[in-house]
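Open the model in your viewer and colour it by secondary structure. The stops below go from the whole chain to the sheet, then to the packing around it.

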Amino acid sequence: MPTFTEVVEAIMTPSAPTIIIGALIIILAPIILHVILSSSKTYTVAPTVLLIGPSNTGKTSLLTLFERGSSGTETHTSQVPHSVELNASTDSATKHSFRNHEATDGTYTKFLLIDTPGHGKLRLVAMEKLSSTDKLKAIVFMVDAAAISEQDVLAPTAAYLYDVLLTLQKRATSNSKTKVSIPVLIAANKMDLFTALPSTLVMTNLEAELTRIRASRSKGLLDSGVGTDDIGSEEQDSWLGEYGSSKFTFSQLQEFDIEVEVIPGNVSGDGPGADKWWWWIAQRV
């Protein structure tokens with residue numbers, strides 16, 4: 001029978017079996033631990049949808065509607081971002097409706113819907129969220145279809161949308177290995193009101209104003225001394241869509257794998273409701 005000293009010497013003496021077993025323990029232990037921890041929850045970071053747009057377009061009301069199933073609660077202008085966790089499905093009987101709180105069939109994906117401040121002085125908060133949010137899956141940009149025919153509403157709305165789309169375009173053309181295309185839903189809200197424009201007119205009005213903004217910003221760069229060759233550079237570029245085109249259309253962003261869709265709806269009152277917006281989101285999270 002070997003003595004204690006002999007056993008210790010055998011363990012401490014380098015040998016092929018000892019080295020192999022030790023190496024396997026060192027390599028496999030972290031992998032096994034990672035598998036156990038990662039399987040304990042579906043997401044480390046939940047998929048996220050950003051709710052962006054000017055003030056008084058119904059963003060917070062939409063967030064409340066999706067969260068509670070009704071929009072009767074009075075809302076106020078948001079000062080800080082607010083998020084709720086929601087569940088979306090693409091295979092349940094209620095997949096087209098946000099009123100799925102008691103549904104038990106189908107598979108559901110948890111995601112975060114983040115409402116951002118729409119006031120002009122607080123939009124930097126939204127733009128920061130746009131640039132820094134992990135697992136950003138989609139953007140819902142809300143507009144007031146009942147007031148967008150007025151120039152004093154259309155101009156700031158389109159300017160905000162221009163900044164959002166330009167940020168996504170620059171992100172799509174960056175050299176980052178993690179770049180992903182982020183679709184944009186332009187939710188034409190307040191379709192229950194008599195003054196609301198059809199979604200096709202909302203789209204054409206926005207495209208026309210975005211064309212004007214693009215030309216104005218390009219001229220501003222030239223007037224500031226930036227050369228024509230520099231306008232297309234990554235540092236100086238404020239040109240949205242197809243470079244050199246005379247008219248901007250949302251379809252031009254497909255070149256950058258950015259899908260833009262205008263869908264009508266309303267948070268309150270009689271009309272198409274918000275189900276089409278919900279289904280659009282559900283297919284992208």
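Start with the protein chain as a whole: its secondary structure comes to eight helices and six strands. Helices (H or I, at least four residues) and strands (E, at least two) are DSSP runs, numbered from the N terminus. From that terminus on, the elements run α-α-β-α-β-β-α-β-α-β-α-α-β-α. The model is predicted: local features need pLDDT of at least 70, side-chain atom pairs count only at pLDDT 80 or more, and totals for chains, interfaces and linings use all residues. Residues are numbered from 1 along each chain as its sequence is written, and side-chain values use heavy atoms, with hydrogens and water left out.

**The sheet.** Select the strands. The six form an open sheet in the order 2-3-1-4-5-6, with mixed pairing; two strands pair if DSSP finds at least two bridges between them. At the edges are strand 2 (82–88) and strand 6 (260–264), each of which pairs on one side only. On average, neighbouring strands are turned by 25 degrees against each other, direction ignored. Axes here are lines fitted to C-alpha atoms, for helices over the stretch in contact, and angles run from 0 to 180 degrees between N-to-C directions.

**Strands 1 and 4.** Zoom in on residues 48–52 and 136–144. These are strand 1 and strand 4, which run parallel and are joined by five bridges. Which residue of strand 4 stands opposite Leu50? It is Ile139.

**Around Ile139.** Show the neighbours of Ile139 in contact (heavy atoms within 4.5 Å). Not counting residues up to four places away in sequence, they include Leu50, Ile52, Leu130, Val164, Leu168 and Trp280.

**Helix 5.** Next select residues 151–172. Helix 5 lies across strand 1, strand 4, strand 5 (184–189) and strand 6, and runs at about 165 degrees to strand 4.

**The cores.** A nonpolar core is a set of buried Ala, Val, Leu, Ile, Met, Phe, Trp, Tyr and Cys residues joined through side-chain atoms within 4.5 Å. Buried means under 20% relative accessible area (1.4 Å probe, protein chains only). The largest core has 42 residues, of which Ile139, Leu165, Ile186, Val202, Leu206 and Phe250 touch the most other members. Elements giving two or more residues to this core include helix 4 (123–132) and helix 6 (199–223), while helix 5 gives the most, with ten residues. Apart from this core lies another, of 26 residues, among them Phe98, Ala138, Met142 and Val267.

Finally, zoom out: buried residues make up 41% of the 285 residues in the protein chain.

How values were computed
Buried means under 20% relative accessible area, exposed over 50%, partly exposed in between (1.4 Å probe, protein chains only).
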